[in-house]
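Biologist: Could you take one helix in this model and walk me through it closely, along with whatever packs around it? I'd like the wider setting too, once the helix itself is clear.

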Amino acid sequence: MLGLLKSYPEILLALSCFLLLRRCLNTPRGSPINWPLLGMLPGLVGNFHRLLDWTVDLRLQGLTFFFKGPILSKHDFIVTCDPANANHILKSAFANYQKGPDFPKIFDPRKAAHGLFAEAKFRGFVAETSKGNAERALVPMLTRAAELGEVVDLEDVLLRFTFNASCKIVTGVDPNCLSEQEVPFARVFDEAEEVLALRRVTPMWCWKLMSLRGLVYLHAALCETLRLYPPVPFNHKWAAKADVLPSGVSVEAGTRILISMYAMGRMERVWGKDCEEFRPERWITERGRIKYEPSHKFLAFNAGPRTCLGKDMAFTQMKIVAAAMIYNFEVEAVEGHVVEPKLSIILHMKNGFLAKVRKRRGY
Ligand code: HEM
């Protein structure tokens, strides 16, 4: 007995090693190990720099995963990218899934914004503002970069563009964030004249056909981009009462749930074998129309009562910017520049998007 006690630390150590090894061997490949006391925290910490891709890796567990936090920490949560669960949480059982007790309830922006977003005048104003910004600031700035052969960070340029447009929409004042490198007015007029000249020499039917075709493909390309890179990559919810998700997972009252839109866009079970390919064609029907995908499957704009109110305006704005850029410039990524997501509640790029722009020949 004394001998056993003397060697107790070794026995304890051996027993712990055995239990840990068994746990490691029993953990499915790709899944974080549930360590005693620490739970899955080490796996989370080790993957913090690539959190979004980590939520994609968890698909090895199916579309829903239970994350065990350190003991007594109350940091257990459910990660899901199952459209059926998203439909349940964001639509059918919306009342039970809130932002959480810590989320401020002082101001409901939806109530304030709803009337405004329904106004045709406001939508028109947003489109006009974006068009004006593209013509007067974005195109001249990129023209200058093209002439000087400069490398531009397109993420930064587009963020400044969005900031400009948002300030103008919300406050009525244009902060001119793109104006530093703005070229003289003459160049802007040249731009406008070039576009108008092209319209004049192109028959109207052809122009209409071109733009309609272009818009379907452009819309599809934008949807495909948002599927793979949703600007809001995850949605955090908190269960007020106990519930069972459609996938069969039990949810206790107070459980936190993370719906990963980023992972949902990359699931074979949701989007098919080519889920990781950028293929705008998946959004186009045989008749050349945009294919409808339910909002709980294409979650970039959220679903249910909290659906993005600015969805249509966002598409208008994106199309204006994309059309202005594609029409005027050839864009080439700087060789060797790695574009990867940065950990943030909004999907940004870690190193921006360095590119060279060249004026399109013949325009
Ligand atoms: C590609 C661009 C956009 C994306 C991906 C997007 C996505 C989203 C998402 C995911 C939400 C839900 C947030 C949540 O409750 O967790 C949301 C809400 C909202 N979005 Fe957007 N949005 C975009 C552009 C815009 C624009 C341009 C506007 C305004 C002009 C806008 C106005 C709103 C408003 C007012 C809400 C609040 C809805 C609510 O809380 O009920 N969004 N958006």
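Modeller: Here is a close look at helix α13, followed by its surroundings and then the rest of the fold. Bear in mind that this is a predicted model, so treat everything below as a reading of computed coordinates.

Let's start with the helix itself. α13 runs over residues 311–328. With 18 residues at 1.5 Å each, α13 should span 26 Å, and its end C-alpha atoms are indeed 26 Å apart, so the expected and actual spans agree.

Now, which residues of α13 are buried? They are Q317, I320, V321, A324 and N328. Looking down the axis of α13, these buried residues fall within an arc of 85°, so they line one face of the helix. What covers that face includes two helices, α7 (120–148) and α8 (154–171), and two strands, β9 (329–333) and β12 (354–359).

I320 has another role to keep in mind. It belongs to a separate core of 18 residues, which also includes L138, M141 and L178. L138 and M141 sit in the stretch given for α7, one of the elements that cover the buried residues of α13.

The two covering strands are partners as well. β9 and β12 run antiparallel and are joined by 5 bridges; within that pairing, E330 has R358 of β12 as its bridge partner. β12 also pairs with β4 (residues 151–153), again in the antiparallel sense, this time over 3 bridges. There, D153 is matched with L354 of β12.

Just ahead of the helix is a residue you may want to check. C308 lies in the loop between α12 (268–271) and α13, and an unreviewed UniProt entry lists C308 under "binding site". Is C308 buried or exposed? Neither, quite: C308 has 16 C-beta neighbours inside 10 Å, so it counts as partly exposed, given that burial takes 20 or more and exposure 12 or fewer. Setting aside residues within four places in sequence, C308 is in contact with F301 and N302.

That brings us to the other core. The largest nonpolar core has 33 residues, and I259, M261 and L299 have the most contacts inside it. Several elements each supply at least two of its residues, among them β1 (64–67), β2 (77–80), α10 (204–228), β5 (234–239) and β8 (256–260). α11 (261–264) is on that list too, and gives the most, with 4 residues. M261 touches P230, V232, P233, F234, N235, L299 and A300, leaving out residues up to four places away in sequence. In soluble globular proteins, nonpolar side chains tend to be buried together.

Some of those strands also turn up in an open sheet of 5 strands, ordered β1-β2-β8-β5-β3 with mixed pairing. β1 and β3 (97–98) are its edge strands, each pairing on one side only. Inside the sheet, β5 and β8 pair in the antiparallel sense over 5 bridges, with H236 bridged to L258 of β8.

Stepping back, the protein has 13 helices and 12 strands. Of its 363 residues, 23% count as buried. As for contacts with a separation of 6 or more, 71% of them are between residues 24 or more positions apart.

Notes:
Residues numbered from 1 in each chain as written. Predicted model: local features only at pLDDT ≥ 70, side-chain atom pairs only at ≥ 80, totals over all residues. Core = buried A, V, L, I, M, F, W, Y, C linked by C-beta atoms within 7 Å. Contact = placed C-beta atoms within 7 Å. UniProt positions renumbered as here; feature names shortened; annotations may be inferred. Expected span 1.5 Å × (residues − 1). Arc of directions from axis to C-beta. Pairing = 2+ DSSP bridges.
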